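Trainee: I have not looked at this structure before, and I would like to go through it slowly with you. Could we begin with the open spaces and then turn to the helices and strands?

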Amino acid sequence: MKVAWLIGVLIALYLLLWPVPIAPVSWQSPANNGFEGEFAENTRLSDLTLIDLGDDYGPEDFALNHEGTLATSSHSGAILLKKKGERTFSPWVNTGGRPLGIEYDSKGNLLIADAHLGLLKIDTAGVLSVLVDSVNSTPVVYADDVDIAENGKVYFTDATTKFSAKAFGGTLNASLLEILEHRGNGRLIEYTPSTGKSKVIMDGLVFANGVAVSHDQASVLVNETGNYRVLRYWLGGPRSGQVDIVIDNLPGFPDNISAARNGGYYVGLASPRSSAVDKLADSPFLRKIVQRLPKLLRPQGQAYGHLIKISERGEIELSLQDPTGAYPFTTGAIETDEELYISSLTATAVGVLGLKE
């Protein structure tokens with residue numbers, strides 16, 4: 001009896017006092033409307049054609065150059081290429097880190113937001129270099145996504161300045177820590193290649209994720225994953241420096257965002273919202289206890305395929321879903337002349353959806 005009592009005391013002390021990496025703050029979670037209305041459940045993403053990646057997995061983002069070569073980033077650190085007319089991806093350059101968002105510039109160089117290394121560049125000869133690994137004397141801890149404006153300026157996110165993907169067990173684990181803490185350690189960075197200088201233009205974001213320069217080049221759209229929304233940062237004009245909400249209270253965690261060819265933007269919802277995360281929003285103390293639980297008992301992402309398309313004003317134009325999660329943790333998409341390529345955090349293949357079926 002004494003042994004059982006002692007074990008109980010030790011467990012209680014552990015749950016109450018054991019150090020954890022998060023210092024949670026209280027926040028108000030918007031009511032989750034779930035898969036209703038414009039987000040009503042459907043199976044429009046359940047019949048994808050798959051392009052196998054062999055021994056690799058996690059095609060997190062895509063980039064398309066002027067020659068029609070499609071690039072994707074992978075979990076192994078490799079950038080994989082599929083040339084125009086081909087149906088398979090082949091390894092090209094390995095960053096030695098975890099490449100996430102990628103984008104080709106006007107000269108054919110591939111820019112990479114690498115979660116371990118910062119903002120990178122691979123030139124047309126395949127030579128890898130580091131462009132930005134610190135800003136304002138603070139390290140870029142978790143470079144996540146990148147886009148390039150027509151004037152050459154580069155915009156990329158540092159998802160969290162606190163929870164390094166390399167130090168905290170990978171990109172997914174680090175993102176969960178940032179979201180559970182909810183202090184807003186993420187930021188949006190502007191890099192000017194002509195001067196080599198970079199600066200923080202927006203901070204306080206709860207896991208700053210996908211980035212897309214607007215079609216008119218007047219603003220940058222940023223996915224704030226932990227707050228289920230897409231924000232717009234104005235680059236110039238009378239609203240320069242201001243931030244608007246494009247769409248709020250999404251039914252899932254927004255990951256990447258990319259411009260669609262005919263206007264609007266594709267947004268990948270990597271996982272449906274977690275009821276546990278929402279219910280614990282105003283209970284920082286309980287969230288610390290949850291962090292002390294075994295990993296299997298903490299909130300986890302759900303394998304559910306979901307890609308949406310929004311208009312410039314945040315109206316839902318398309319909602320493609322796969323409730324079975326056969327193609328799980330959808331992060332985003334890129335559009336070609338006839339096909340839509342779907343990316344994923346964990347899939348072993350690239351998903352392809354015909355646009356003219």
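Trainee: How many nonpolar, polar and charged residues are in the lining of the largest pocket?

Mentor: Please keep in mind that this is a predicted model. The largest pocket holds about 1100 Å³ of space, and E103, Y104, D105, D147 and I148 are the closest to its centre among the 43 residues that line it. Elements that give two or more residues to this lining include β6 (99-104) and β12 (143-148). Sorted by class, the lining of the largest pocket has 10 charged, 12 polar and 21 nonpolar residues.

Trainee: Which element supplies the largest share of the lining of the second largest pocket?

Mentor: The second largest pocket has about 550 Å³ of space, and of the 33 residues that line it, L172, N173, S175, L176 and I179 are the closest to its centre. At least two lining residues come from each of β20, β21 (265-272), α4 and α2 (171-181). The largest share, eight residues, comes from α2.

Trainee: Is helix α1 parallel or oblique to helix α4?

Mentor: The axes of α1 (residues 2-17) and α4 (residues 284-292) come within 7 Å and cross at roughly 120 degrees. Angles of 65 to 115 degrees would count as roughly perpendicular and those over 145 as roughly antiparallel. The crossing of these two helices therefore makes α1, with respect to α4, oblique.

Trainee: How many charged residues are there in the contact of α1 with α4?

Mentor: From α1, the residues Y14, L15, L16 and L17 take part, and they meet F285, I289 and R292 of α4. When the residues of this contact are divided by class, six are nonpolar, none is polar, and the number that are charged is one.

Trainee: Which helices are included in what covers the buried residues of α4?

Mentor: The buried residues in α4 are R287, I289, V290, Q291 and R292, and I289 and R292 also appear in the contact with α1. What covers the buried residues of α4 includes α2 and α1.

Trainee: Is V93 buried or exposed?

Mentor: V93 is found in strand β5 (residues 90-94), and, leaving aside residues up to four places away in sequence, it touches G77, A78, I79, I122 and G126. G126 lies 33 residues from V93 along the chain, yet the C-alpha atoms of the two are separated by 6.6 Å. A residue under 20% relative accessible area counts as buried. The relative accessible area of V93 is 13%, so V93 is buried.

Notes:
Residues numbered from 1 in each chain as written. Predicted model: local features only at pLDDT ≥ 70, side-chain atom pairs only at ≥ 80, totals over all residues. Heavy atoms only, no water. Axes fitted to C-alpha atoms, helices over the stretch in contact; angles between N-to-C directions. Helix = DSSP H or I, 4+ residues; strand = E, 2+ residues; numbered from the N terminus. Parallel < 35°, antiparallel > 145°, perpendicular 65-115°, else oblique. Contact = heavy atoms within 4.5 Å. Nonpolar A, V, L, I, M, F, W, Y, C, P; charged D, E, K, R; others polar. 1 Å grid on protein atoms, 1.4 Å probe; cavity = no way out; pocket = protein on both sides within 12 Å on 5 of 7 lines; lining within 4 Å. Points joined across faces, edges and corners; volume = space filled by probe spheres on them. Buried < 20%, exposed > 50% of the residue type's maximum accessible area, 1.4 Å probe, protein only.
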